[in-house]
Amino acid sequence: MKQYLEAGKIVRTHGVKGELVMETWADSPEFVAGVKELYFDESGQRPIGLISSRPHKGRLLLTLEGVGTVEQGDRLRGRVLYLNRDDVKLPEGRFFLEDLIGLCAIDGDTGREYGVIAEIIPAPANNVYRIRDGEGRDYLFPAVEHMIKRTDIEGGVIELLPIPGIFDGEGEEA
């Protein structure tokens, strides 16, 4: 598991004093606003110098050390920012999406192995897991609570309770 995870991306400036707008890649901007420091790199070697952050219209507004003008803020547009997983506490039963990638998907009742989670696709109602089997076929699985029996990040397994038809077909060639 990576120590530093993508938190979002700077998309533009806000106002004339260099405040930045960050599109967050979390459940909510409030979640990322609770983090005391963000980083420019996934190694955690380059903290951004976070002075303050606050949710605003579904995004996060950031004030950074050394960024006091629109021009200084514009130079950071498009930068991905990272958070340290030790700086946040996830509620019971919640996981970082990145930690789900690579889990072995098995049937929660029979133990049948379906494949590995290769991608998580955001969708309006719920995320969708793209599961790739050993022969390169992809299956789409809706990530809804009643269809997931157990998630064991440390054990590398997710136990699914699929409805008939999801894994019965041929799948799609990758």
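I take a nonpolar core to be a set of buried Ala, Val, Leu, Ile, Met, Phe, Trp, Tyr and Cys residues joined through side-chain atoms within 4.5 Å. I keep in mind throughout that this is a predicted model.

**Entry 1: the chain as a whole**

I began with the overall layout and found three helices and 12 strands in the chain. I then looked up its extent, and the C-alpha atoms fill a box of roughly 60 × 30 × 25 Å along the principal axes. Of the 174 residues, 40% count as buried. When I turned to contacts between residues at least 6 apart in sequence, I noted that 52% of them join residues at least 24 apart.

**Entry 2: the nonpolar cores**

Which residues touch the most other members of the largest nonpolar core? I found that Met22, Leu38, Ile48, Leu62, Leu64, Leu76 and Leu81 do so, in a core of 20 residues. Strands β1 (4-14), β2 (19-24), β4 (59-64) and β5 (80-84) each supply at least two residues of this core. I followed Leu76 further and, leaving aside its neighbours within four places in sequence, I found Leu76 in contact with Ile10, Leu20, Phe40, Leu64 and Val67. I also recorded a second, separate core of 19 residues, and Ala105, Tyr114, Leu160 and Ile166 are among its members.

**Entry 3: an aromatic cluster**

Since Tyr114 had come up in the second core, I went on to the aromatic rings. I noted for myself that a pair of aromatic rings is described by the distance of the centres and the angle of the planes. The count for this structure comes to four aromatic pairs. Why does the pair of Tyr114 and Phe167 count as stacked? The ring centres of Tyr114 and Phe167 are 3.8 Å apart and the planes stand at 10 degrees, so the pair is stacked, the cut-off for stacking being planes under 30 degrees apart. Because Tyr114 lies in strand β7 and Phe167 in the loop between β11 (157-160) and β12 (172-173), this pair ties together parts that are 53 residues apart in sequence.

I then looked at Tyr139, which forms a tilted pair with Phe167, at 5.4 Å centre to centre and with 55 degrees between the planes. Tyr139 lies in strand β9 (residues 137-142) and Phe167 in the loop between β11 and β12, so here the parts tied together are 28 residues apart in sequence.

Are these rings buried or exposed? Tyr114 counts as buried at 6% relative accessibility, Phe167 is buried with a relative accessible area of 5%, and Tyr139 is buried with 7%. I closed this entry by noting that Tyr114, Tyr139, Phe141 and Phe167 form one aromatic cluster.

**Entry 4: the pockets**

I looked up the largest pocket next, and its volume is about 1300 Å³. Its lining is made of 40 residues, of which Asp27, Phe95, Phe96, Leu97 and Asn127 lie nearest the centre. β1, α1 (29-33), β5, α3 (97-100), β7 (113-121) and β10 (148-152) each supply at least two residues of this lining. By class I found 25 nonpolar, four polar and 11 charged residues in the lining of the largest pocket.

The second largest pocket holds about 170 Å³ of space. I listed some of the residues that line the second largest pocket, including Met1, Arg85, Lys89, Arg94, Phe95, Phe96 and Glu154. The lining of this second pocket has six nonpolar, no polar and five charged residues. I noted that Phe95 and Phe96 appear in the lining of the largest pocket and also in that of the second largest.

Technical notes. Residues numbered from 1 in each chain as written. Predicted model: local features only at pLDDT ≥ 70, side-chain atom pairs only at ≥ 80, totals over all residues. Heavy atoms only, no water. Buried < 20%, exposed > 50% of the residue type's maximum accessible area, 1.4 Å probe, protein only. Helix = DSSP H or I, 4+ residues; strand = E, 2+ residues; numbered from the N terminus. Contact = heavy atoms within 4.5 Å. 1 Å grid on protein atoms, 1.4 Å probe; cavity = no way out; pocket = protein on both sides within 12 Å on 5 of 7 lines; lining within 4 Å. Points joined across faces, edges and corners; volume = space filled by probe spheres on them. Nonpolar A, V, L, I, M, F, W, Y, C, P; charged D, E, K, R; others polar. Phe/Tyr/Trp six-rings, centres within 6.5 Å; stacked < 30°, edge-to-face > 60°.
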